[in-house]
Amino acid sequence: MDLTYTEEEEDFRARLRSWLAVSLPKLPPKPDPLDWPGRRTYDTAWQRMLYDAGYAGLHWPVDAGGQGATPTQHLIYLDETERAGAPYVGANFVGLLHAGPTVAAEGTAEQRARWLPPVLRGDEVWCQGFSEPDAGSDLASLRTKAVRDGDSYVVSGSKIWTSHAEVADWCELLVRTDPQAPRHRGISWLAMPMDAPGVTVRPLRTLAGSAEFAEMFLDEVRVPVANRVGEENDGWRVTMVTLSFERGTAFVGEVVACRRTLCELARTARRNGCWDDAVLRRRLGRLNAEFRALWRLTQWNVSEAQNTGGVPGTGGSVFKLRYSHARQELYDTAAEVLGPDAMDLDREWTGDRLSSLSYTIAAGTSQIQQNIVAERILGLPKGR
Amino acid sequence: MDFRLTDDQRALRTGLRELLAGRFGRHALRAAVDREGTVDRELWRELGAAGFFALRLPENEGGAGLGLPEAVLLFEEAGRALLNGPLVATHLAAGRVPGAADGARVVTCATQLRGLIPHFGDADAAVVIHGAGMRIRCPEELPHARRLRSLDPLTPLHRIPDGPKAPPRPDAILLTAAEQLGSAARTTEMAVQYAGEREQFGQPIGGFQAVKHLCAQMLVRTEVARAAVYAAAVTEDFTEIAGAKLLADEAAVQGARDCLQVFGGMGFTWEADVHLHLKRAWLRGRMWLTAAESEEIQAEALASAL
């Protein structure tokens, strides 16, 4: 049980910290949260800065163009960038955290050479075409079909909850290549260019007001067979590689952000008199214990990952379950502190409160995560 | 940074788990219930011989010279097994009260529960903790102590009027949290095992999502508490220790309640061990630091960080 960082890790932190101090002021002003093209420009500019400084793809393997950093260094990176107020991955989320690592792990040499460098440089943005109207949490029931025709697949169907679809160049697409096979087989993973004829994107407005995801309609879109990552009909296994990355590391930086928000919240409460309300004060206190523990759980998961080759395990589900609820509690408490101002959409935290509602749904609902914990960690029988 | 247990720490934990499995299995547990929680002196001495109480004493004082992280692992095992007796108080008294370190004497503490002393009739000494120091008292010096019918069948309690107040010692808080953690882990296991065996409507009840979700939440609470307790043992930061107690109390109490729910009617009987975990968890939840006190400490930390 050692929570001290090695000298090498502290050096890494110090170098990163000085680079952030010099580099962050060079960033253009933050775009409006609802302006997705603006956000793409901003996020990819940040990615380019990371690339030029040698921080792009920090935790990707070196032979994939990454830095081969240890999970602990990645943790330090997320900690420091969040503390410094640097942008999060944003529009590069799918490319850096899902599609990229999947191509790096499962792609051929040609595929890695074609797709990975532009993600690292911030030249190309990816989106995720997994969910369908009838296949959200029950991903294996997806129906979008791909029929082989010479060197191409002809893809027809529709996708939904496709984050960043409007501004993406590529889509990591799950399609059914063998309708006769059992549900989890017969699925393949394709890289689909978003400008291919037959792709129609219709943005979906969220309850938070933004259009961060979209519906996508695919009408006989031709995707080269060479764009398939992994074997035909082996896409489910390929996808599980991707999802373990998503659940394991996607929320690390956000815990740091929540701790910062909590401190700001306490400051506001002291200023406006809410601090004298013992119920509210104790609620803030409990959140302090909660987010501190979640940070320790993160360190625990990272220590485990470091010793299992870097692929995060099922510990990610435990973390995500607790974190998603804690985040909602944080912003509900913020609304209590704000009082009537919580009804003002222009006030700080109001938009975050709305966004927090998605955390128990996205990337596997809390109910699905509880099934995963019960069946895969606790070994309870599958059933209804 | 490697937060995981070292090989030595794992070996230490395994050693005590095996000792308790052999010496304090279900039969011994129920025997302890039958004698209303009085301490098994022979087992107490065996724990002393195994270094349970002297663990953190320096080697030249007959201890093992180990730290709070190791002590936490041992107290977690004690909590799993529902081992009874004033474990934390005797551990704290080792090196100060003669006979505590080797388990020859049973030492309780007068300031861990407001107005109540556990295991008072059984104890050779009751200590009052003032800050880092201690003052020793004998049971005869507190003639007003009255025995009450304890909620927890494994912890006899005496009420003392105007019981002394003292600020809680951080290590006492943390070791109690470690016991809660062990109890939370154990009730999770019990629920999972029962849910996998008990059949209703033609299938194990663990196949039903409603039961699964209870069990999953038990594990989530336990693992969050574990991260908090282990980290607090390493940092020895008082706010972190108080937070660990808060989360471990919740994991133990809610875990036992959920376990009782999974056991259904059987869980409500005296025969099942679930109620013993719940009652002890309730009691420990009031020891040293209550949830309200811990939350105020957290709030204070937030305010002073501004």
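User: Which residues of chain A and chain B make the contact between helix α11 and helix α7?

Analyst: Axes are lines fitted to C-alpha atoms, for helices over the stretch in contact, and angles run from 0 to 180 degrees between N-to-C directions. In this predicted model, helix α11 (residues 366-377) of chain A packs against helix α7 (residues 209-235) of chain B with axes 8 Å apart and an angle of about 80°. The contact is made, on the side of α11(A), by A:Q367, A:Q370, A:N371, A:V373, A:A374, A:E375 and A:I377, and on the side of α7(B) by B:Q209, B:K212, B:H213, B:A216, B:Q217 and B:L219.

User: How are α11(A) and α7(B) oriented to each other, roughly parallel or roughly perpendicular?

Analyst: The two helices pack at an angle of about 80°. Angles of 65 to 115 degrees count as roughly perpendicular, and α11(A) and α7(B) are therefore roughly perpendicular.

User: Which element gives the largest share of the side of chain B that touches chain A?

Analyst: In all, 52 residues of chain B are in contact with 49 residues of chain A, and 21 residue pairs between the chains are in polar contact, both residues being at pLDDT 80 or more. On chain B, the elements that give two or more residues to this side are α4 (68-81), α6 (170-197), β8 (203-204), α7, α8 (238-263) and α10 (291-304). The largest share, 17 residues, comes from α7(B).

User: What percentage of the area that chain B's side buries is lost together by the three residues that lose the most area to chain A?

Analyst: The area buried between chain B and chain A is about 4700 Å², and carbon and sulfur atoms give 64% of that area. In chain B, the residues that lose the most area to chain A are B:M1, B:F3 and B:L302, and their joint part of what that side buries is 19%.

User: How many salt bridges are counted between chain B and chain A?

Analyst: One salt bridge joins the side chains of A:R292 and B:D237 at 3.2 Å, N to O. Another is formed by B:E250 with A:R322, with the closest N and O atoms 3.7 Å apart, and this pair crosses from helix α8 of chain B to helix α9 (residues 315-338) of chain A. The structure holds 55 salt bridges over all chains, and the count between chain B and chain A is 9.

Note on methods. Residues numbered from 1 in each chain as written. Chains lettered and ligands numbered in written order. Predicted model: local features only at pLDDT ≥ 70, side-chain atom pairs only at ≥ 80, totals over all residues. Heavy atoms only, no water. Helix = DSSP H or I, 4+ residues; strand = E, 2+ residues; numbered from the N terminus. Parallel < 35°, antiparallel > 145°, perpendicular 65-115°, else oblique. Contact = heavy atoms within 4.5 Å. Buried area = accessible area lost by both parts, 1.4 Å probe. Salt bridge = Lys/Arg side-chain N within 4 Å of Asp/Glu carboxyl O. Polar contact = N/O pair within 3.5 Å; in protein donor to acceptor, adjacent residues only side chain to side chain.
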